[in-house]
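Biologist: I'd like a close look at a single part of this model, with its surroundings filled in around it. Please pick one stretch and take me through it residue by residue, in plain words.

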Amino acid sequence: MMSDDIILIEKFRGGDKRAAEILMENYKGAVNKIARAFYIKGADRDDVVQEGMIALYNAVVTYNTQSKIAFSTYANECIKNRILDCIRSGNRLKNKALSDSVPITSLDEGKMAMQSPEELAISAEEVDALKNIINKKLSEEENKILDLYFEGSSYAQIADAVGKNTKYVDNAIQKIRKKIKADLTNKDL
């Protein structure tokens, strides 16, 4: 006798997308329960639940319907493993700077809310002066890369715009950061 889960998985694999939605809805409570047991630094509870839901979907896709292991057991393990992988990834030393950082925009918004119009105008002038100093220190290509970066372009988009690969763009941005940091530490702006 086939369980309801296996019937739904078979229907999904036969092209019935609604079957996957039903499975996802049926296991949403289990995902929430598992997610409550974990904490990912820098992530909301919703982020943890989302990772669990992704794992649940992958479980639906990869489950062997001929297995003697119940789908619920398989799904629970997939969910736990996915969340644990995210925790491990977030705890890696190379991600430490990102995990501990505060977005610059949130700092700027807080300062701007407390500044008078005169202070905002002076800040804008200081930013323009800093941009001029930076522009003089960087090559034409580095300036173009930096401008695209500040516009929110991805590394791939920047690479396309300058005719280079993404590794080149990453290296260029690191080099730009070092130049700016060195100049700012040498001068008191």
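Modeller: A quick word on naming before anything else: a helix here is a DSSP run of H or I that is at least four residues long, and helices are numbered from the N terminus. Keep in mind too that this is a predicted model. The part I'd pick is helix α2, which covers residues 17-36.

Some background on the chain helps to place it. There are 10 helices and zero strands, so read from the N terminus on, every element in the run α-α-α-α-α-α-α-α-α-α is a helix. The chain has 189 residues, and 26% of them count as buried. Its accessible surface is about 13200 Å², with 54% of that belonging to carbon and sulfur atoms. If you take the contacts between residues at least 6 apart in sequence, 53% of them join residues at least 24 apart.

Now to α2 and its partners. Two packed helices are described by the angle between their axes and the distance between the axes. Let's start with the partner that comes before α2 in the chain. Helix α1 is made of residues 4-13, and its axis comes within 7 Å of the α2 axis, crossing at roughly 145°. That crossing is left-handed. On the α1 side, the residues that make the contact are D5, L8, I9, K11 and F12, and on the α2 side they are K17, A19, A20, I22, L23, N26 and Y27. Sorted by class, that gives eight nonpolar, one polar and three charged residues.

A20 is a good residue to zoom in on at this contact. It lies in α2, and its relative accessibility is 7%. Buried means under 20%, so A20 counts as buried. Across the way is L8, 12 residues from A20 along the chain, and the two C-alpha atoms are separated by 6.9 Å.

The other partner is helix α3, residues 45-62, which packs on α2 at an angle of about 135° with the axes 9 Å apart. An angle between 115 and 145 degrees falls in the oblique class, and α2 and α3 are therefore oblique to each other. The crossing of this pair is right-handed. From α2 the contact takes L23, M24, Y27, K28, V31, N32, A35 and R36, while α3 puts in R45, V48, V49, G52, M53, L56, Y57 and V60. By class, you get 11 nonpolar, two polar and three charged residues there. L23 and Y27 are worth marking on your screen: they are listed in the contact with α1 and again in the contact with α3.

Two residues of α2 show how this contact with α3 looks up close. One is M24, which sits in α2. M24 has a relative accessible area of 16%, so it is buried. If you set aside neighbours within four places in sequence, M24 is in contact with M53, L56 and Y57. For Y57, the C-alpha atom is 7.1 Å from that of M24, although the two are 33 residues apart along the chain.

The other is K28, also found in α2. Is K28 buried, or partly exposed? Its relative accessibility is 39%, and because partly exposed covers the range between the 20% and 50% cut-offs, K28 counts as partly exposed. K28 and L56 are 28 residues apart in sequence, with 8.8 Å from C-alpha to C-alpha.

For comparison, here is another helix pair from further along the chain. Helix α8 is residues 140-150, and its buried residues are E142, N143, I145, L146 and L148. The axes of α8 and helix α9, residues 155-162, come within 10 Å and cross at roughly 145°, and this crossing is right-handed. E141, K144, I145, L148 and Y149 of α8 meet Y155, I158, A161 and V162 of α9. Those residues divide into seven nonpolar, no polar and two charged. Just after α8 comes G152, with a positive phi near 95°. E142 is a charged residue to look at in α8: at 6% relative accessible area it is buried, and beyond its neighbours within four places in sequence it is in contact with K175, I176 and K179.

Methods: Residues are numbered from 1 along each chain as its sequence is written. This is a predicted model: local features need pLDDT of at least 70, side-chain atom pairs count only at pLDDT 80 or more; totals for chains, interfaces and linings use all residues. Side-chain values use heavy atoms; hydrogens and water are left out. Buried means under 20% relative accessible area, exposed over 50%, partly exposed in between (1.4 Å probe, protein chains only). Contact means heavy atoms within 4.5 Å. Accessible areas come from the Shrake-Rupley method with a 1.4 Å probe; for residues, only the protein chains shown count as cover. Axes are lines fitted to C-alpha atoms, for helices over the stretch in contact, and angles run from 0 to 180 degrees between N-to-C directions. Angles under 35 degrees count as roughly parallel, over 145 as roughly antiparallel, 65 to 115 as roughly perpendicular and the rest as oblique. A crossing is left-handed if the near helix is turned anticlockwise from the far one by less than a right angle, and right-handed if clockwise.
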